[in-house]
Amino acid sequence: MTTQPTSRRARSKPNHAESSSPTNRRDVADPPAGGFLINDLCEKLGDYLDSQQIADVYRAYVFGEEAHEGQLRRSGEPYIHHPLEVARILAGMRLDAQSITAAILHDVIEDTETAKEHLVKDFGKEVAELVDGVSNISQIKFKTKEEEQAENFRKMFLAMGRDIRVILIKLADRLHNMRTLAALVRDRQREIARETLEIYAPIANRLGMRQWYYELEDLGFMYLYPMRHRILEEAVRKRHGNRKAIVEKIRKAIIQQLSQEELEGEVTGREKNLYRIYRKMRQKCLSFDQVYDVYGYRIVVDKVDTCYRVLGVIHNLYMPIPGRFKDYIALRKPNMYQSLHTTVIGPYGQRVEIQIRTHEMHRVSEEGIAAHWRYKEGKDFQFNEIQRFAWLRQLLEWEQNLEDPQEFLHSIKEDLFPDEVYGFTPKGDLWNFPKGATVIDFAYRIHTDIGHHCTGARVNGQLVPLRYIMRSGDTVEIITTHQQSPSRDWLKLVKTPRAKSRIRNWIKAQQKERSLALGREILEGDMSRHNLDYAELRRGGKIKAIAQELGAKDEEALLASVGYGRITPRQVLMKLLPPEKLDGGRKRTEGALGRLFRLVGRQKRDRGVKVKGAGDVLVRFARCCHPLPGEEIIGFITLGRGVTVHVSSCSAVLESDPHRKVEVNWEEEGQTPRSIKIEVSCIDRPGLLAAISSAITSAEVNIARAHVRTFRDQKATNTFEIMITNTDQLKRVLRSISKVKGVNKVIRARG
């Protein structure tokens, strides 16, 4: 739960035997806290559930109200109101009785003394599993260390794969929490809002639940950036007032034209949600006045062929803009969304976006996966419709093939924000890919071996290189040779998580083979100088025992660690020989990293980072991510070059062999300023560069270098190289610059 309950008195374990009855005994003067809400819920459920199912839901309410007795939300209302509101949201989607029951009980395991076994006994295994799944997701903390966050993501999406209703209940839970977020303190509001925008809203979108998606986005925007939300909301309101006549004129013109062609359809005007307008302004560095497609129209008809006839009418009425037509009916999205999209030039040169779809398509576009549930009298709930969602199948496939939780997390985050193209196989099968995908992505989609040996492709009959970026409608035929193998450069070309994971696994396997061979060669050589036989020790189980003593999983891990320098041959020999026989006892035992990097004494090292298990070793900061004190960091051994420190979330970390990983931490004191780059997108006007420079120096930060680029549309991009000590100082600088009038966006530049 994001909104934790408070308690008026000590919680007590509910009497499950008594609360299993539909009518629990209580004092007449003490009415049920959720009496009105449960009556309203049962009335909603009466539209599609039978009386016995509604009775089961009511029984769950009695149980939940008893379990949460004495608990209050931050707003002061009885806690039972929250699960009942979550159930009402799901009832609006016409979810099954088990989902509604689980929604009412979704916090009893987490926030009361109720055990899962009690739910199994009173409500059945199916409901208990749903409640347990939601509880597990609720306990996920998204602001933890990277590896913990990655593993939590894996658990979350595995729960989705097992039963999609778990995430539907969690999304409804998050939606109601966002609707009532005003009761929390400001810092907590911002934390939950950011999590909603980054995680839950994109999941709702990927499940096709656009109604929830838009509301989660706008609520997240409102609480994360309240001032920006208010300003943009007022600007949209004023524009709507000023252009109300134009909006209505276009709607009436469309209705009149459809009537002349004897076509029937519901025509409605709509506004884009505020967060999407804001995101467009940020991404394209636009002012609000430069965003033209704030309003759009939706035409809903009865049949598919009518959609295309209506499209012809619209294009006869208004001039279409080339390249702005998309047929999502013939080429439906992976989340089952279907519609025709076109953008035309309306009256007074206005750009107008129009969507055309059937009533069934509209229902799916609003409710997504929830629109595919089926209810059959006297039969259990069916889940066959879930298999139609390719994204869910991909989740399970990635989970099975990606051993590294961080890689799984990276893949999920990339896939939550898709911008897709469509390609055909020579047999006519249609596959979707993220925008920017190359023929290498296509090859790995067919099979891993085909991807590994891909040398090029024929696209629409023409030979193309591996770097060719696919366009929608391309027919792709992959060309392979056995001599070809993946290279690290391929990771810069591919876009799909599947291709990236296969390439990384191949590279890691090759690195591991080399490290195993090197480790064995080093170990056998050192042992032979002390008249020890590696093969004999191995047969006797001694090598395996030493590996476990030194913290390696097995012999293979031991050899790889020796090859990388994490474990030295001397450490192994010390398990086999007394100290006096090792160098006559003259040399002190060194740590693995200490021996590997003796060259440090002759080189200056970066200060501020401690390497676990080593003293004074050479430390370099990666140029791809430029880590700063305050950020989560990780180190990798680079033979002959010491330890390279990356930000934990850096994409290069995913490409590095985990066997070379070493724990590093920031020193508490003695941090020296480090050079980083920031990019400022702004308008091109006199005096603005001076104002930005002043904002930087006012934050007590020095500017080492500056580069200015101007463009024809009166825009400019300024790159500053500044000296920063830690992340807090960087945040102050970015805030100071963002307040300068004329600045559209300021970001930290990586690489």
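**Exercise 1. Find how strands β11 and β13 pair, and name the partner of Arg458.**

Solution. Step 1: β11 (residues 454-459) runs antiparallel to β13 (residues 474-480), and five bridges join the two strands. Strands are DSSP runs of E with at least two residues, helices are runs of H or I with at least four residues, and both are numbered from the N terminus. Two strands count as paired if DSSP finds at least two bridges between them.

Step 2: Arg458 has Glu477 in β13 as its bridge partner.

The model is predicted: local features need pLDDT of at least 70, side-chain atom pairs count only at pLDDT 80 or more, and totals for chains, interfaces and linings use all residues. Residues are numbered from 1 along each chain as its sequence is written, and side-chain values use heavy atoms, with hydrogens and water left out.

**Exercise 2. Give the strand order of the open sheet of five strands, and state which strands stand at its edges.**

Solution. Step 1: the order is β10-β9-β13-β11-β12, and the pairing is mixed.

Step 2: β10 (430-434) and β12 (462-464) are at the edges; each has a single partner strand, so one side of each has no neighbour in the sheet.

Step 3: from one strand to the next, the twist averages 40°. Axes here are lines fitted to C-alpha atoms, for helices over the stretch in contact, and angles between N-to-C directions run from 0 to 180 degrees.

**Exercise 3. Describe the open sheet of four strands, then list bridge partners within it.**

Solution. Step 1: the strands follow the order β21-β22-β20-β23, with antiparallel pairing. The edge strands β21 (703-710) and β23 each pair on one side only. The twist averages 15° from one strand to the next.

Step 2: β20 (residues 674-683) and β22 (residues 715-724) are joined by 10 bridges. Here Lys677 has Glu721 in β22 as its bridge partner.

Step 3: β20 also pairs with β23 (residues 743-749), over six bridges. Ser681 is matched with Lys745 in β23.

Step 4: β21 and β22 pair over seven bridges, and Ala706 stands opposite Phe720 in β22.

**Exercise 4. Count the salt bridges in the whole structure, and explain what the pair Asp96 and Arg165 ties together.**

Solution. Step 1: the search finds 21 salt bridges. A salt bridge is a side-chain nitrogen of Lys or Arg within 4 Å of a carboxyl oxygen of Asp or Glu.

Step 2: one salt bridge joins the side chains of Asp96 and Arg165, at 2.7 Å from N to O.

Step 3: Asp96 lies in the loop between α4 (81-92) and α5 (97-104), and Arg165 in helix α10 (residues 165-179), so the pair ties together parts that are 69 residues apart in sequence.
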